[in-house]
Amino acid sequence: MRLAIIGGGIIGRTHAEAIRACPTSDLAAIVDPFETGKALAQEYGCAHFQSLDDLIAWTSGPEAGARVEGVIIATPNALHVPQATRMIEAGLPVLVEKPLGESHAKCTALVALSEETAVPGLVGHHRRHNPLLQAAKAAVDSGAFGQLVSGTISATLYKDSPYFDVPWRREAGSGGPLLINLIHEIDLARYLFGEITEVSALSANVQRGFAVEDTAAVILRFQEGGLITIALTDAGVGPWSWDTTAGENLARFPAMPAVSHMFSGTRAGMSLPDLAFWTHEGAQNWTTPQVNRPRSVQPADSYIEQIRHFCAVISGEETPRITLADGARNIAVIEAIQRSVQDRCPVILDPGQSRAV
Ligand SMILES: NC(=O)c1ccc[n+]([C@@H]2O[C@H](COP(=O)([O-])OP(=O)(O)OC[C@H]3O[C@@H](n4cnc5c(N)ncnc54)[C@H](O)[C@@H]3O)[C@@H](O)[C@H]2O)c1
C-alpha cells in the first residue's frame, strides 16, 4: 500500500519509520507546509506537498495511477477532523492520530461521513496493537481475571521546557496532558474493561502556569461497576507511565523496569507492562498468599503492526481495530473529565453515545 503522511513532525517521523519497516507499505508522500516536513520527505526520498489540494491533484491526476491508497494524519489536533473529512471525501482511507478531534460533536460528524461513504477510518491509539495489551485483554476476555473491581493507572511523564515551545501544546482546546496523554489511558481502559459511565476529576496547573493543566487526578466508573483512578502529570518525575516502561518507542523513550497499571479483578490481580498475574494459592482470602504467574508474549512493534493493520483495512481484509467511533467516545470521556474539573462535580456519561468495543 502506498501511504501519505500529513504532518511530518515528531509522530510523523515515527510513522515514516514504521512504514519503511512494514513489508506491506511504502511511503509515497508527505504533506507539510513547514521545513521539518520537507526535510523528512527528502530524507525518505518521497514526494513532498505543501497542501492537501496538491496531494489530491497529484494522486487523482490522469497519470497518477494508484499513487496514494491511504493517508496518515499526524498534524496538530485542531486539523485532524477537517483534514480527515477532506481525505474521506476524496475517497482515501485515513489513520488519524489521537485525539481524533477537538470535540465529540466534530468527531461524530466524521464518524457519520465515514459510514455514509464507506471510506474506512482508524484512530492512532497504537497501544491496542501491542501484544502486551492484547494478552491482558485475552486474560480479561477468558474470565481468568474476573470482573474489574478497582485499578490504578499512573501516567507520570516529565516533559522539558522546549516541548512547550510548540504553541498548541500549551493552549487550551488543543494541548495539556488530558488531551495529549490521558486519552491513551482512556482508550486502554475502555479496550480492557468496556464503557465508562461516570467520571470525577481535579486538575492543577501550578507547576507550569499554562492555561492548560499540568497535573490531574481522575476517577472512572465502568458500566459493570468497577472503579479506576488515574494519576496524570507532565511536570512530576517518576518512571510510572506506559510510555517509559513498555518499551514501545525506544527511539524516543527509555524502558524502565517499573509498573504503570495495576488492575484488581474478582479472580486475579494484573499489572502492566510486566503482565504480572496474581492469584491466590488455595482459598481466595486476604490472609492467603498469592502467586504471580506472569503472562508471556512475543513482543512486536505497535507502530509497525498499526501500519500493517491500516494496510489490511484499506484492502478490506480487516476491519478497524480502533474505529472512528472509538476515537469519538474517547473524546466524550475527556470532555466529561474537563467538565468535572470545571464544575467541580462528577459527570455521568450517556452510554448511548458509545459503541461497544
Ligand atoms: N500516538 C501517539 O503516541 C502520539 C505521539 C505524539 C503525538 N501524537 C499526536 O500526533 C499529532 C502531532 O503531534 P506531534 O507531536 O508530531 O506534533 P509536531 O508539532 O511535532 O508535528 C506536527 C506537524 O504538522 C505540521 N503541520 C502543521 N500544519 C499543517 C498543515 N496545515 N498541513 C500539514 N502539516 C501541517 C507541522 O509542520 C509539523 O511538522 C498530535 O495530534 C498528537 O496528539 C500521537
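This is a tour of a predicted model, stop by stop, with what to select and what is there.

**Stop 1: the parallel sheet**

Select strands E1 to E6 as they appear in the sheet order E3-E2-E1-E4-E5-E6. These six strands make an open sheet, and their pairing is parallel. Go to the edges, which are strand E3 (47-49) and strand E6 (121-123). Each edge strand has a single partner strand, so one side of each is left without a neighbour in the sheet. Look along the sheet to see the twist: on average, neighbouring strands are turned by 20° against each other, direction ignored.

Now zoom in on E2, residues 26-31, and its partner E3. Three bridges hold this parallel pair. For one bridge, select Ala29 together with Ala47 in E3, its bridge partner.

Add helix H3, residues 52-60, which packs on this sheet. Strands touched by H3 are E1 (2-6), E2, E3 and E4 (70-73). The direction of H3 makes about 140° with that of E2.

**Stop 2: the ligand**

Select the ligand and the 27 residues around it. Which residues come nearest? They are Ile11, Asp32, Asn77, His80 and Arg169. By class, the shell divides into 12 nonpolar, 11 polar and four charged residues.

Three polar atoms of the protein are worth labelling next. A polar backbone atom of Gly9 lies 3.2 Å from an oxygen atom of the ligand. For Thr75, a polar backbone atom is 3.3 Å from a ligand oxygen atom. With Gln83 the side chain takes part: one of its N or O atoms is 3.4 Å from a nitrogen atom of the ligand.

Switch to a surface view of the ligand. On its own the ligand has 850 Å² of accessible area, and the protein covers 86% of that. To see which elements give two or more residues to the shell, colour helix H1 (10-21) and helix H4 (80-89).

**Stop 3: the nine-stranded sheet**

Move to the open sheet with the order E14-E13-E12-E11-E7-E10-E9-E8-E15. Its nine strands have mixed pairing. The edges are E14 and strand E15 (347-348); each has a single partner strand, so one side of each is left without a neighbour in the sheet.

Begin with E8 (residues 196-204) and E9 (residues 215-222). These two run antiparallel and are joined by eight bridges. Select Glu198 and find its bridge partner, Arg221, in E9.

Then go to the hairpin of E12 (residues 269-272) and E13 (residues 276-280), an antiparallel pair with three bridges. Met270 stands opposite Phe277 of E13. Three residues lie between the strands of this hairpin, where Leu275 takes a positive phi near 55°. Pro273 is also in the loop between E12 and E13. The peptide bond joining Leu272 to Pro273 is cis, with omega about 5°.

On the way to the edge, select E14, residues 290-292. E14 pairs with E13 in the antiparallel sense, again over three bridges. Here Thr279 stands opposite Val291 of E14.

**Stop 4: two helices on that sheet**

Show helix H6, residues 131-141, which lies across E12 and E13 and runs at about 170° to E12. Next show helix H7, residues 177-193. H7 lies across E7 (148-156), E8, E9, E10 (227-233), E11 (261-265) and E12, running at about 155° to E10.

With both helices displayed, where do they meet? H6 and H7 pack at an angle of about 35°, and their axes are 9 Å apart. On the H6 side, select Leu133, Gln134, Ala136, Lys137 and Val140; on the H7 side, Leu188, Tyr191, Leu192 and Phe193. This contact divides into seven nonpolar residues, one polar and one charged.

**Stop 5: two backbone details**

Most residues other than glycine have a negative phi, and most peptide bonds are trans. Two further places to check against this are in loops.

Select Lys98 and Pro99, whose peptide bond is cis with omega near -15°. Pro99 is in the loop between strand E5 (94-96) and helix H5 (104-117).

End at Ala118, in the loop between H5 and E6. Ala118 is not a glycine, yet has a positive phi of about 60°.

Technical notes
Residues numbered from 1 in each chain as written. Predicted model: local features only at pLDDT ≥ 70, side-chain atom pairs only at ≥ 80, totals over all residues. Heavy atoms only, no water. Pairing = 2+ DSSP bridges. Helix = DSSP H or I, 4+ residues; strand = E, 2+ residues; numbered from the N terminus. Axes fitted to C-alpha atoms, helices over the stretch in contact; angles between N-to-C directions. Contact = heavy atoms within 4.5 Å. Near = heavy atom within 4 Å. Polar contact = N/O pair within 3.5 Å; in protein donor to acceptor, adjacent residues only side chain to side chain. Areas by Shrake-Rupley, 256 points an atom, 1.4 Å probe, with all protein chains shown as cover. Nonpolar A, V, L, I, M, F, W, Y, C, P; charged D, E, K, R; others polar.
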